[in-house]
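Q: I would like to take a close look at a single part of this model and follow it outwards from there. Please go slowly and explain each term as it comes up.
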Amino acid sequence: MESSIRDPSLAPEGHRKMDWAARHSPVLDAVRGRYLEDGSLKDLGVAICLPIEAKTARLADVLAGAGVRVAVAAPLPFVVQDDVAAALVERGVTVFASSESPPEEADRDLERALDAATADGEALLIDDRAALVRIAHTTRRGLLPRIRGASEETTSGVAKLRAMERGGELRFACIAANDARCKHLFDNRYGTGQSALEAIMHATNLMLGGKRMVVAGYGWCGRGIARYAAGLGARVVVCEVDPVRGLEAYADGFEVLPALEAAEVGEIFVTATGNRGVLGREHFARMRDGAILANAGGVDVEIDVEALRASASEVRRARRDLKEFVMPDGRSLFLVGRGMVVNLTAGDGHPVEIMDLTFAIQALCAHHLANEGASLSPSVHLLPREIDDEVARIKLEAVGMGIDEITPEQRAFLESWRD
């Protein structure tokens, strides 16, 4: 199948972005040399559903170099960089994505990616929010026998896969790549913490120091956002539904309030829960004039944008990635990046070094599925610990650091109950 992108002439800038990402991706390079070039991936297809930017393109390029038939599509047009899409096509990757496509075209592009990856044989899926997996189980059920397995990038996507497993609906093995320690401990915490705040600051051109920031959700993403915001001088309030996480936020030095109370004191609101309706009409009614709203979670309905729009008497553009919603009482609330995942709709996503770890995990998930997928049960699996550990070791080597090895005597002590 032929690629469908916005403008092939944009490729030179995309190549420059990809080259910069490659320069700072030593882990993915090492994984390619040590594992991906062993021939086990050759002649397989891989369908990738991820935001199309330089780091994702680097992963696709590395897989293509290992002999994989790679087809890429994005979950939404708002997370497509057209120059990167054009560069990928020039490097032999099939791409179905354009930043100018209507949102309803996204599923069709994902279907095309599935069709292309499975056209000449078996394929693997690298997924975001379980989009490819769900399509394969609905509108493309005929492709199920050709799919050897999938790996899932996001917390919300893993939740969807586990729901499918509980319902007896999952038809092939899926690896929860998000649950690998070298993914969620770094990507979700440090990646989201830095990139979400960078996007908010870039979109608003405002400082965070001294402002009251409300972080909804204290999972790994919320922890990272709260930590980075506090480091920039913000006064952080955390909202949670889990009492243990709420207590953890308190012990970390943050104020913990119910969302309706926090709505009255916050100046910047960031959602990071993976659930819908976290901020809605009742919260908007209590917010102060000038409040800024952003979503850093993997679910685009964490902020009820439709309710916000319906509550406003006027909606207008304040800045490039910032919309102003004027309330009937004269207050204005400002929404960053359409209420979708802010680090991608109003920024460049996570730092390259963070995604180097994440995509090394994804590449090794593909390698593991290529070798073991046929024997794995149709359920959600964790990435084997030794693979996770290998990624960490490679990263430590790349930065010139190392760790100790446990001695036989120490191991015997830990494994004995008599000592």
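By class, how many nonpolar, polar and charged residues does the lining of the second largest pocket have?

A: The model is predicted, so local features need pLDDT of at least 70 and side-chain atom pairs count only at pLDDT 80 or more, whereas totals for chains, interfaces and linings use all residues. Residues are numbered from 1 along each chain as its sequence is written, and side-chain values use heavy atoms, with hydrogens and water left out.

By class, the lining has 10 nonpolar, 6 polar and 9 charged residues, where Ala, Val, Leu, Ile, Met, Phe, Trp, Tyr, Cys and Pro count as nonpolar, Asp, Glu, Lys and Arg as charged, and the others, Gly among them, as polar. On a 1 Å grid over the protein atoms alone, a pocket is an open set of points with protein on both sides within 12 Å along at least five of seven lines, unlike a cavity, where a 1.4 Å probe fits but cannot get out; lining residues have an atom within 4 Å of a point. The volume of this pocket is about 590 Å³, meaning the space filled by probe spheres set on the points, which are joined across faces, edges and corners. Among the 25 lining residues, Phe78, Arg320, Asp321, Leu344 and Thr345 are the closest to the pocket's centre.

At least two lining residues come from each of strand S13 (314–319), strand S14 (322–326), strand S15 (332–336) and helix H14 (342–345); helices (H or I, at least four residues) and strands (E, at least two) are DSSP runs, numbered from the N terminus.

These three strands also belong to an open sheet of 8 strands with mixed pairing, in the order S10-S9-S8-S11-S12-S15-S14-S13, and two strands pair if DSSP finds at least two bridges between them. Strand S10 (255–256) and S13 are the edge strands, each pairing on one side only. Further in, strand S12 (residues 292–295) runs parallel to S15 and is joined to S15 by 2 bridges, with isoleucine 292 standing opposite phenylalanine 334 in S15.

Elsewhere in this sheet, helix H9 (residues 220–231) lies across strand S8 (212–216), strand S9 (235–239) and strand S11 (268–271), running at about 170 degrees to S8. Contact means heavy atoms within 4.5 Å, and axes are lines fitted to C-alpha atoms, for helices over the stretch in contact, with angles from 0 to 180 degrees between N-to-C directions.

The model also has an open sheet of 8 strands with parallel pairing, in the order S1-S4-S3-S2-S5-S6-S7-S16.
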